[in-house]
Amino acid sequence: GIVEFFIYLLHKYHNNFNFEMEVVFVDVHFMLFYTAVFNAIQSVLVRVVSARRTDRAWVQTEDIDIGHYVAIRKEFDRVDNELK
């Protein structure tokens, strides 16, 4: 809206307005608009995919058998002590 109003004012009050420049300006303006739309769609897609993957990983983590968790923790502590 604001950009179109500015172009309207240039048409109305600028006697020798450069129409070739306007065409380039309009093309760049719409390219930036479509880039912003693409980035918004991509951000939503990344959010949905990452939320599903983290939820799945969290459920798998919660479903670990407690005995298996203890064995993993002991092995981690053993390796951690060896590396220190």
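Mentor: From the N terminus on, this predicted model runs α-α-α. That makes three helices and zero strands.

Trainee: What makes the chain more spread out than a compact globule?

Mentor: Its radius of gyration is 29 Å. The globule rule gives 12 Å for 84 residues. The value is well over the rule, so the chain is more spread out than a compact globule. The C-alpha atoms fill a box of roughly 80 × 30 × 15 Å along the principal axes. Of the 84 residues, 5% count as buried.

Trainee: Why are α1 and α2 called roughly antiparallel?

Mentor: Look at the axes of α1 (residues 2-13) and α2 (residues 19-62). They cross at roughly 180°. Angles over 145 degrees count as roughly antiparallel. The two helices are therefore roughly antiparallel to each other. Their axes come within 12 Å.

Trainee: Which residues in α1 and α2 meet?

Mentor: Val-3, Glu-4, Ile-7 and His-11 in α1 meet Phe-19, Glu-22, Phe-25, Val-26 and His-29 in α2. These contact residues divide into five nonpolar, two polar and two charged.

Trainee: Why does His-68 count as partly exposed?

Mentor: Its relative accessibility is 47%. Buried means under 20%, exposed over 50%. The value lies in between, so His-68 counts as partly exposed. His-68 sits in helix α3 (residues 66-83). From Lys-12 it is 56 residues away in sequence and 77 Å away in space, C-alpha to C-alpha.

Trainee: Which elements have the lowest and the highest mean pLDDT?

Mentor: α1 has the lowest, 78, and α2 the highest, 88. The chain mean is 85, and 99% of residues reach 70 or more.

How values were computed
Residues are numbered from 1 along each chain as its sequence is written. This is a predicted model: local features need pLDDT of at least 70, side-chain atom pairs count only at pLDDT 80 or more; totals for chains, interfaces and linings use all residues. Side-chain values use heavy atoms; hydrogens and water are left out. Helices (H or I, at least four residues) and strands (E, at least two) are DSSP runs, numbered from the N terminus. Buried means under 20% relative accessible area, exposed over 50%, partly exposed in between (1.4 Å probe, protein chains only). Axes are lines fitted to C-alpha atoms, for helices over the stretch in contact, and angles run from 0 to 180 degrees between N-to-C directions. Angles under 35 degrees count as roughly parallel, over 145 as roughly antiparallel, 65 to 115 as roughly perpendicular and the rest as oblique. Contact means heavy atoms within 4.5 Å. Ala, Val, Leu, Ile, Met, Phe, Trp, Tyr, Cys and Pro count as nonpolar, Asp, Glu, Lys and Arg as charged, and the others, Gly among them, as polar. pLDDT is the predictor's confidence in each residue, from 0 to 100. The radius of gyration is taken over C-alpha atoms; the globule rule is 2.2 Å times the number of residues to the power 0.38.
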